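Reader: I have a model open and some labels I want justified. Can we take them one at a time?
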Amino acid sequence: MATVRVLVLRAAGTNCDLETVHAWELAGARAQRLHVRRLIERPAVLNEFQVLTLPGGFSYGDDIAAGRIFAAQLNRHLSDALRAFVDADRLVLGICNGFQVLVQTGLLPWRGRPGPRACTVTYNDPPGFQDRWVYLHGVSDKSVLVQRDTIYEMPIAHGEGRVAFTTPADLAALQAAGQDVLRYGGPRPGEPNVHGEPTNPNGSAGYIAGLCDETGRVLGLMPHPERFVTWTQHPCWTSRAPRAAGDGLALFRRAVAYFA
């Protein structure tokens, strides 16, 4: 089987690209970092990869709004290439700032839906930067990367992570389609709540921590799976029974397995 190739796209202010490359390589893929300007110069580069990843950070300082300028670049110069990439049965992953970018571009949650965007990722409620660990519940098997009925632990670090919808009907439609694949929640049964309250750290509608598009091949999430790929990255690794890998690695492995 040929090695899965992953493009990690960065811009000024991206600061999680190296960790994301490391996570993909641990999962068995071959990852390459590329600045968005190089991709704009030659969009056909996308054809060399099976997965596109938009990593975390603060692209262009999150001026105007988180991910807005990065998204504007993609929409202006790479819109057709990105849509063709998804249509070719390839995968897109957006982490934290990358999630914000995907929503701003319209690739999430409803690609090609007419009219104004009905979903956004905006300031936390209550306001403030959340830098802590959380529990995530896989509640749908719609996404290629997420396993249903699985509880993950991952860190978050954001001030604009609240998923919001224009109307309650928009949220209900997303939930009915199973696109709210990851929700904030409590620990595994029988385990202590070592990460504390609040369970929903940013006030997201429907406790949404991650969502996918209609195809299940585009996933965005606010928590950072690349920051928990080995057990020793867990804050309680010295006091709890060790695991073979960090929970975040499972998402990257599922993406690689998709092409097996």
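Author: Start with burial. In this predicted model, 56% of the 260 residues of the protein chain count as buried.

Reader: What makes a residue such as glycine 67 count as buried?

Author: The cut-off is under 20% relative accessible area. Glycine 67 has 1% relative accessibility, so glycine 67 counts as buried.

Reader: Where does glycine 67 lie, and which residues does glycine 67 touch?

Author: Glycine 67 sits in the loop between strand S3 (51-54) and helix H3 (68-77). Leaving out residues up to four places away in sequence, glycine 67 touches Ser59, Asp62, Asn97, Gln100, Val101 and Gln104. Phenylalanine 99 is 32 residues apart from glycine 67 along the chain, yet their C-alpha atoms are separated by 8.4 Å.

Reader: How do you know that both faces of S3 are covered?

Author: Take the residues side by side. Val51 and Thr53 are on one side of S3, Leu52 and Leu54 on the other, and all are buried.

Reader: What makes S3 a partner of S1 and of S4?

Author: Pairing needs at least two bridges between two strands. Strand S1 (residues 5-10) and S3 are joined by 3 bridges, so they pair; they run parallel. Valine 6 stands opposite valine 51 in S3. S3 and S4 are joined by 4 bridges, so they pair too, and they run parallel. Threonine 53 has leucine 93 in S4 as its bridge partner.

Reader: Why is the pairing in the sheet called mixed?

Author: The sheet is open, with 9 strands in the order S2-S1-S3-S4-S11-S10-S9-S6-S7, and its pairing is mixed. S1 and S3 run parallel. Strand S10 (residues 208-212) and strand S11 (residues 218-221) run antiparallel, joined by 3 bridges. There, cysteine 212 stands opposite leucine 219 in S11.

Reader: What makes S2 and S7 edge strands?

Author: Strand S2 (30-35) and strand S7 (150-158) each have a single partner strand, so one side of each has no neighbour in the sheet. The twist averages 25° from one strand to the next.

Reader: Which helices pack on the sheet or lie across its strands?

Author: Among them is helix H5 (residues 97-105), which packs on the sheet and touches S3, strand S4 (91-95), S10 and S11. The direction of H5 makes about 120° with that of S4. Helix H7 (residues 249-258) lies across S4, S7 and S11, running at about 170° to S4. Roughly antiparallel starts over 145 degrees, so H7 counts as roughly antiparallel to S4.

Reader: Why are H3 and H4 called roughly perpendicular?

Author: That label covers 65 to 115 degrees. The axes of H3 and helix H4 (residues 79-87) cross at roughly 85° and come within 4 Å. H3 and H4 are therefore roughly perpendicular to each other. Leu74, Asn75 and His77 of H3 make the contact with Ser79, Leu82 and Arg83 of H4. These residues divide into 2 nonpolar, 3 polar and 1 charged.

Reader: How do you know that the radius of gyration agrees with a compact globule?

Author: For 260 residues, a compact globule would have a radius of gyration near 18 Å. The protein chain has 17 Å, which agrees. The C-alpha trace spans about 50 × 45 × 35 Å along its principal axes.

Reader: How many helices and strands does the protein chain have, and what share of contacts comes from residues 24 or more positions apart?

Author: The secondary structure comes to 7 helices and 11 strands. Of the contacts with a separation of 6 or more, 77% are between residues 24 or more positions apart.

Conventions:
Residues numbered from 1 in each chain as written. Predicted model: local features only at pLDDT ≥ 70, side-chain atom pairs only at ≥ 80, totals over all residues. Heavy atoms only, no water. Helix = DSSP H or I, 4+ residues; strand = E, 2+ residues; numbered from the N terminus. Buried < 20%, exposed > 50% of the residue type's maximum accessible area, 1.4 Å probe, protein only. Contact = heavy atoms within 4.5 Å. Axes fitted to C-alpha atoms, helices over the stretch in contact; angles between N-to-C directions. Parallel < 35°, antiparallel > 145°, perpendicular 65-115°, else oblique. Nonpolar A, V, L, I, M, F, W, Y, C, P; charged D, E, K, R; others polar. Rg over C-alpha atoms; globule rule 2.2 N^0.38 Å.
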